[in-house]
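Let's take a walk through this one, going from the overall layout down to the spaces inside. Have the model open as you read.

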Amino acid sequence: MIPAKGYAAQEVKAPLAPFDFERREVGPHDVAIDIQYCGVCHSDVHQVRDEWGGSIFPMVPGHEIVGRITRVGEQVNKFKEGELAGVGCLVDSCRTCASCTQGFEQYCEVHWVGTYNSVEMDGKTPTYGGYSDRIVVNEDFVLRISEKLAPERVAPLLCAGITTYSPLRQWKVGPGHRVGVLGLGGLGHMAVKLAASMGAEVTVLSTSPKKEADAKALGAQKFVVTNEEEAMKGVQNYFDFIINTVSAPLDLNAYLAMLRLDGTMILLGVPPEAPEIQTFNLILKRRRIAGSLIGGIQETQEMLDYCAEHNLMSDVEVISINQINGAYERMIKGDVHYRFVIDMATL
Ligand code: NAP
Ligand code: ZN
Ligand code: ZN
């Protein structure tokens, strides 16, 4: 085994603190990566607080990983020592079910192995994430990272980037579409950048009036403060799509009324409690509610290549690992601009 160190929560809601553990030896198909940067996703907060149930402790969170390859297994031919590489939310899946064979490993019908708070395909070995110095991952779940972009600004693409890119592609968002982005945090700011880059008209729907200038700089044409009644009225029956990235419980009905005929609300945020939907809100305009989970490996590579080509990166606040607990508190208050990224050299 390879000794590793990281930051872990030892039990539900415990503050993250230094933790020593082990990574597996580099197998014939494995890649070993020295982690340089790891983004901080609100899913990390939900899981450390066990807001979705079933959390596994001790937990080393982190699924927005960028680093340098230090070793490759003898049968690895996709990667070489010294290259920059990324790891997102997935590190394995069954590889044979209908979803996996179509490249939708995130929808594996058997078991997909999360980068942390999960177990390997053996059903018992726990996985530990990217708030750590190194990781060993099967080459099929490792992503290529362009040397052109700043690695700390690329790390959030591995979750926030792909989670917003995938539905935008699935629903073929482009010129002529009006897209509302609900919640301007990690996912939200990438949704704005990506949807704008694809030619859509973007409106940010936010509880934070202070984020208006940033929203426009990110590519939004409009900004609506969601507790201002008049502004909310101005976007009734307006959007083709609303990308909902809110992490906290929210009354969806007010937002469903903003969808025009055949409009779709895409749920990305996963608040701990289920929403209540007024059926008429859907029926009266043939509106739809859909969900989307991260993206498959091939699509994640496509998104990374797209971002490199269009010079698209996350707007980040780099922190040292000992600031992580404070960063969680700030995210819960919506005080994120727009992704915290941990500089792993501070470990
Ligand atoms: P984040 O950076 O913390 O941003 C969430 C944003 O939601 C906040 O910045 C805030 O934006 C808004 N918000 C927060 N509390 C609110 C409240 N009480 N009422 C209204 N708006 C509120 O979070 P994130 O990392 O982007 O993640 C967002 C959600 O997506 C989380 O639930 C996460 O677990 C989930 N997620 C899902 C997937 C997937 O595959 N579907 C992948 C990753 C993450 P404003 O200040 O603009 O209001
Ligand atoms: Zn995430
Ligand atoms: Zn599968």
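Measure from C-alpha centre to C-alpha centre and domain 1 and domain 2 sit 28 Å apart. Keep in mind that this is a predicted model. The chain splits into domain 1, which is made of 2–159 plus 315–346, and domain 2, which covers 162–291.

How do the two meet? On the domain 1 side, 14 residues are in contact with 15 residues of domain 2. Interface size is often quoted as the accessible area that is lost when the parts come together. Here, domain 1 and domain 2 bury about 1300 Å² between them, with carbon and sulfur atoms giving 54% of that. If you want to see where domain 1 puts its share, pick out Cys159, Asp315 and Tyr338: they supply 42% of the area it buries against domain 2, more than any other three residues do.

Now for the nonpolar interior. In soluble globular proteins, nonpolar side chains tend to be buried together. The largest nonpolar core in this model counts 93 residues, and Tyr131, Leu194 and Ile324 have the most contacts inside it. Both domain 1 (2–159 + 315–346) and domain 2 (162–291) contribute residues to this core, so it lies between them. Apart from it there is another core, this one of 15 residues, including Leu252, Met258, Leu259 and Met265.

Leu194 is worth zooming in on. Setting aside neighbours within four places in sequence, Leu194 is in contact with Gly161, Thr164, Tyr165 and Leu168, and also with Tyr306, Cys307 and Leu312.

What about empty space? The structure has two cavities of 30 Å³ or more. The largest has a volume of about 60 Å³. Its lining takes in Gly88, Cys89 and Leu90, then Leu143, Leu158 and Ile162, and finally Ile294, Gly295, Gly296, Ile297 and Thr300. Sorted by class, that makes seven nonpolar and four polar residues, with no charged ones.

The second largest cavity holds about 40 Å³ of space. Look for Ile145, Ser146, Leu149, Val154, Leu157 and Leu304 around it. Five of the residues in this lining are nonpolar and one is polar, and again none is charged.

Note on methods. Residues are numbered from 1 along each chain as its sequence is written. Chains are lettered from A and ligands numbered from 1 in the order in which they are written. This is a predicted model: local features need pLDDT of at least 70, side-chain atom pairs count only at pLDDT 80 or more; totals for chains, interfaces and linings use all residues. Side-chain values use heavy atoms; hydrogens and water are left out. A nonpolar core is a set of buried Ala, Val, Leu, Ile, Met, Phe, Trp, Tyr and Cys residues joined through side-chain atoms within 4.5 Å. Buried means under 20% relative accessible area, exposed over 50%, partly exposed in between (1.4 Å probe, protein chains only). Domain bounds come from an automatic or database domain assignment. Contact means heavy atoms within 4.5 Å. On a 1 Å grid over the protein atoms alone, a cavity is a set of points where a 1.4 Å probe fits but cannot get out, and a pocket is an open set with protein on both sides within 12 Å along at least five of seven lines; lining residues have an atom within 4 Å of a point. Grid points are joined across faces, edges and corners, and a volume is the space filled by probe spheres set on the points. Ala, Val, Leu, Ile, Met, Phe, Trp, Tyr, Cys and Pro count as nonpolar, Asp, Glu, Lys and Arg as charged, and the others, Gly among them, as polar. Buried area is the accessible area (1.4 Å probe) that two parts lose on being put together, summed over both.
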